[in-house]
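Below are some questions and answers on a two-chain model. Each answer works towards a value or a name.

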Amino acid sequence: MTFSGFELLKNALNGQTGWTPHWRKAQPKASYDVIIIGGGGHGLATAHYLAKEFGIRNVAVIEKGWIGSGNAGRNTTIIRSNYLLAGNIPFYELGMKLWEGLEQDLNYNAMVSQRGVLNLYHTDGQRDAFARRGNAMRLHGVDAELLDREGVKTMAPYLDFDNARFPVQGGLLQRRGGTARHDGVVWGYARAADKRGVDIVENCEVTGLRQENGKIIGVETTKGFIGAKRVGVSVAGNSSRVASLAGLRLPIECHALQAFVSESLKPVIDCVVTFGAGHFYISQSDKGSLVFGGDLDPYPSYAQRGSLAIFSDVAENAIALMPMLGRLRILRSWGGLVDMSMDGSPIIDKTPIDGLFFNGAWCYGGFKATPAAGFCFAHLIAKGEPHPAAAAYRFDRFASGNVIDEKGVGPSPNLH
Amino acid sequence: MLINCPYCGPRDLAEFVVNGEAIARPDVDGDFDGPDIRAAFAEAVYLRDNPAGLHREHWFHSAGCQSWLLVERDTRTHEIVKVEATREPERAP
């Protein structure tokens, strides 16, 4: 069924009885051409593009819980392509263009809202660094504007402009950036993939990767063995655990990243704002909650919850930027499990095992990359060669010195 | 989270800086520009076990005695099992 105004009218008249499930709860077949391990945004997007762009439909997505229960359901919904380095900009801009056409492509309301992403700067040096990043974006054909203080005041009058420690001098704005509804993205890709024959198998955990003569032949799961010619691993937060099933070690350390929502308010913040003098970002959801977050928890963790120390730090950043936030009640906080890599940038690459492919190391930037990662991972799996936009995201870049280190902090995962 | 520093006693998380997984400098000799030793160092610098379970980590008591500590911690529950001072480089397995 295609969603349309006509369907709304029809179902209004038949008591809403005509809606059908958005995807089948499939049981696994004996084998597939491609198995994607991980039913998050990236895994489902990969399955969708394999079916739609590359004509490979004999595909299963194997998910240990329910789809979107990992980081796809825990992020702060921001989408943008305002990166600095040449290895990153084309990829994220491919993503931005896919976001812009996503709802038409998927016939699904993912609430893509290009409300603008505003990175505030507070010193002359920071202004120059942001100008450099804006120019790097523009050299790649991506929109970027440098706003002065008055420009920021017009967009975000509620900020503490005259704060003695962190005066707001201006901001780098990407107008095409914004937010998208994370659950809608997961469900939209699931429905579109399922429509083209992809099996989505939930509550099925991969417990082994079976190889023969250095080639992958399938996966062991809690629902038995499933054969496959090619297997794509897309399980951010569990990358090292799944890779270890094939005896592989990765340049990744897992950390918790916390996020918070406040009680609902009337519209007050109509773009995404990031704080330049600390690590803090905030936007307002369509339900009225302010959605915000900050720094990683610094120690390796698989607990999917963070420490009070970071919660306290995020609150300090929030109130330094917008003192009015001190009056808010926090409704909910949670943690996600992020793959921190050795240069802060992702990996979409083959592995030493023939037929086994890897997509991960997304650090805290995985959600905005959902369409581009899915597209590029599907390209890699289908053609055996990387998509040009993701050509730099390889495992061997560390040993060869071609790291993509936006922050310039070196091989310390918890500093990226 | 309290960490029982062997010199200072139990101290709050805020007094420490985490480095991450405890890794050893490769115990190798020979041509340091040769492919074998370069590969050994690349593996030591860039690859991690990153387990969900017991994990040996290097922590630095920055706001206390400034010792480097070897902490064994469960990454699923954050329970700290053992804390020792480390004055020797970790031996490569």
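A salt bridge here is a side-chain nitrogen of Lys or Arg within 4 Å of a carboxyl oxygen of Asp or Glu. The model is predicted.

Q: How many salt bridges does the rule find across the interface of chain B and chain A?
A: One pair to test is Arg249(A) with Asp49(B), where the closest N and O atoms are 2.8 Å apart. The cut-off is 4 Å, so this pair qualifies as a salt bridge. Across the interface of the two chains, the count by this rule is two.

Q: Which residues of chain B lose the most area to chain A?
A: The two chains bury about 2,000 Å² between them, with 54% of it on carbon and sulfur atoms. On the chain B side, three residues together make up 34% of what is buried. These are Tyr46(B), Arg48(B) and Asn50(B).

Q: How many residues does chain A give to the contact?
A: The contact has two sides, and chain B supplies 24 residues. The chain A side consists of 22 residues.

Q: Which are the edge strands of the open sheet in chain A?
A: The sheet has eight strands in the order E5-E6-E4-E13-E14-E15-E12-E16, with mixed pairing. An edge strand pairs on one side only. In chain A that applies to strand E5 (145-148) and strand E16 (330-341).

Q: What is the bridge partner of Val117(A) in E6(A)?
A: Strand E4 (residues 117-121) and strand E6 (residues 170-174) of chain A run antiparallel and are joined by five bridges. In E6(A), Val117(A) is partnered by Gln174(A).

Terms used:
Residues numbered from 1 in each chain as written. Chains lettered and ligands numbered in written order. Predicted model: local features only at pLDDT ≥ 70, side-chain atom pairs only at ≥ 80, totals over all residues. Heavy atoms only, no water. Contact = heavy atoms within 4.5 Å. Buried area = accessible area lost by both parts, 1.4 Å probe. Pairing = 2+ DSSP bridges. Helix = DSSP H or I, 4+ residues; strand = E, 2+ residues; numbered from the N terminus.
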